[in-house]
Each structure stands twice: as structure tokens, then as C-alpha cells.
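Work through the exercises below with the sequence and the model side by side. Try each task before reading its solution.

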Amino acid sequence: MKKLRLTKFKSLNRKQKNLAGLILIAVIAIIVCLIYFLVNNTTTIKQNLQIENINDISKIIIKDKDNRTIILEKKDNDSWTVNKKFEANKVLISTVLETFKDMRIREPIPKAARNNVVKDLATMGKTVEVYTMGYAINIGSIKLFKKEKLEKTYYVGTETPDEMGTFILKKGDNTPYIVHIPNFRGYLSSRFSTIEDLWRTHNVFKYKQSEIESIKVELPNDAKENYTLVNNGNGFSFITSDGKTLPAFDTNKVLAFLSSFVEMNYERVAKNIPQVEKDTIFTKAPSFIITLNDKKGKTETLKTFVKLSDPTSIAKDDKDFYQIFDVNRCYALSSRYATDTLIMQFFNLDNVLKPASYFYIGAEGIPLPR
């Protein structure tokens, strides 16, 4: 067969041989270009941008151009801290870790737009430093000298006009790229916030019933409605304000009360509280004081205060005084967040902010003003 092809080739005239040679060269050139493109494209897509083993990530530092800094640090496999002060929101931590693992380069930035993107990164971008924990010597089962190292630094910019990608430059690269997460519709810049409160867990209480020793509820303006629920091993006893054990009470209401402590969250930290509220609300006793003691001997407290829906209208008309209270939210002070005034929704508190009489058998359960 090879002889036959060689004979046919020899039988061609010079012009035909030249043409065949050119075709062969063209085919080889196309194959080489395809191989180069595939290899180059694969390299560009990977770019060592992502971090495969996110379990090794030990710290994340996010800085913006307004000198705000977020430091997220890993305490153990299940918890992180924010700025060395607060417990971090586990959902947000998981999201940002998965982002480092899943993000990919969608496409390079066109040369015509590159300078503008670099300028925007320099003026508006955030710096994200990712640290990992490893060993100086890591050979098989031999692991010595554990240490933390800076794994990668990213400069994160704004979203693309189609809001399906984010401009990101990895330190050490010559050019930024449009980065996305395949099959995710949206951009990534919002995942690197420098607002501290967004990263914090909003838990005020988080206890299983079996972890609770007692919960005391005090109403400073009506002390006879105070009560304490005490874990007796087989359930909870209801102790009235005079120290007596109530022989019977509405167990469904008590169960609803206790279920609120499984995960009770605040909505946000109050900012710029009007002076009129500081003068008229926080100078008075709280509406409710809740004190929880757990089985480990830890004590946590929550104090609630009314919130005005329109602080400027407090002196308009005495008849409308009670109508200006916010019926959906209240202020709160928690021992978990000693330096902050919190805003909480009554939706999370309605089973808890109740007087003792609410739990009596046959009681209407009309709560006192909150």
C-alpha cells in the first residue's frame, strides 16, 4: 500500500508535488495551532486562581479603600471569628470558602479596556489575602514545623456590565480577568464585604432545651409577673415571682417559649440612635430582662426596650404617645454584644416577651406592653 502511494506521488508533476507539499505544510500548521490553542487556553482558564483545598485556609483578610478591614480567623473546623471579637456567620464563611474553590476565569479583559479596569481596581477595589496552614516539612507521614503562610492575594473589583462576572487580579499576574463561578448567575464582589456586622453571627441565644439550666424573665414595671423556668431533668418547672412552683401551666406555651432559644437572632446593630430615644427610652428600666443559665455554668442576659417608629413626633400629641412605638421591632442589649445596641424583630420574640400569667391554664395570654 505504501509502495502504491509512493508510486502515485512520484508520478505527479512538479506543480502537483509543490501543491501537495503546501497542503501538507498547511495541515501541519493547523494542527500545531490547535494544539497551542488548547494548551494555552487550558493554562489561562486554570491560572492557579482558585484554591483547591479550602480546608487548609486559616485566615482571610479583606481591606477596602476606606480603611475598613475584616479579619476572618479559623478557630477550629466548625467555627471562625470576625476581627478577633465575634463569632462568624457560618453560612457566609462557607460561601466565601467555596468561592475560592469554585471561581474560574471566564475570559481575559480586552486590551482596550484593561487600563480602565486596572485603574478602577486601584481606586475602588478590595484587597483579599488568603492564608493557609501547612508544614515546613511535609513528606508522607512526616509533618514538622506547622506554620501559616500567605497563599494568594486577590484584588477584587466591581461586577461586569452583564452582572455575570467580576473583575479580579491575582497578585503576580500581569493582567486582571473576568472571573465567575460556572453555572452561577451573578457576580462575586458582594461576597467580600468589609462591613463587620454582615460577617458576625446574629445569634442572641442558641441553646437546645437539654443545655438550659434555667431561664428567668423579669418585668421591672410589674414584678409580680416575673417567673423562672427551671430544668428538672424531666422537663421544666415553672417558678412564680414569690418562689412557688406552679402545679399546672400551659405546656404548649412553655414549649413555644423554649423553642425560641434554639436560635434567636437580632436583625441588625442600631446606628445613629436619635438623641430623643437615648433620653426618653434608655434612661428608663427595660421592658423585659431575660437571664439564661446553661448547664456549663454560663450566664447570658438580654434586655429589651421599646423603639419609636417616629422619634420626632414624641411631643406632638399626648393622646398619640403610644401610637408612635414601633410595633415590629424593639431595641435590645445582649451580654454577647456588650458594646452594641441591637434591633430585634418581635417576630423572634413574641413567644418570649410574656408575663407569668400568660402561661396559666385558661389564661387569655394578653401580653403586657413591650
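Contact means heavy atoms within 4.5 Å. The model is predicted, so local features need pLDDT of at least 70 and side-chain atom pairs count only at pLDDT 80 or more, while totals for chains, interfaces and linings use all residues. Residues are numbered from 1 along each chain as its sequence is written, and side-chain values use heavy atoms, with hydrogens and water left out.

**Exercise 1.** Find the residues in contact with F261, leaving aside its neighbours within four places in sequence, and place F261 in a nonpolar core.

Solution.
- Step 1. The contacts of F261 are F205, K206, Y207, I212, I215, I290, L292 and V352.
- Step 2. A nonpolar core is a set of buried Ala, Val, Leu, Ile, Met, Phe, Trp, Tyr and Cys residues joined through side-chain atoms within 4.5 Å. Buried means under 20% relative accessible area, exposed over 50%, and partly exposed in between (1.4 Å probe, protein chains only).
- Step 3. The largest nonpolar core has 65 residues, and I60, F100, Y154, F257 and F261 touch the most other members.
- Step 4. Apart from this core lies another of 9 residues, including I281, I324, F325 and I343.

**Exercise 2.** Describe the salt bridge between R68 and D64, and state whether each residue is buried or exposed.

Solution.
- Step 1. A salt bridge is a side-chain nitrogen of Lys or Arg within 4 Å of a carboxyl oxygen of Asp or Glu. The structure holds 18 salt bridges.
- Step 2. In the pair R68 and D64, the closest N and O atoms are 2.8 Å apart.
- Step 3. R68 is partly exposed, at 39% relative accessible area, whereas D64 is buried, at 11%.
- Step 4. A network of salt bridges links D64, D66 and R68.

**Exercise 3.** Give the N to O distance for E267 and R268, and classify the exposure of both.

Solution.
- Step 1. Their side chains meet in a salt bridge at 2.7 Å, N to O.
- Step 2. E267 has a relative accessible area of 25% and is partly exposed.
- Step 3. R268, with 36%, is also partly exposed.

**Exercise 4.** Which residues are closest to the centre of the second largest pocket?

Solution.
- Step 1. On a 1 Å grid over the protein atoms alone, a pocket is an open set of points where a 1.4 Å probe fits, with protein on both sides within 12 Å along at least five of seven lines; lining residues have an atom within 4 Å of a point.
- Step 2. The second largest pocket holds about 430 Å³ of space.
- Step 3. Of the 15 residues that line this pocket, K206, Y207, E211, K296 and R336 are the closest to its centre.

Notes: Grid points are joined across faces, edges and corners, and a volume is the space filled by probe spheres set on the points.
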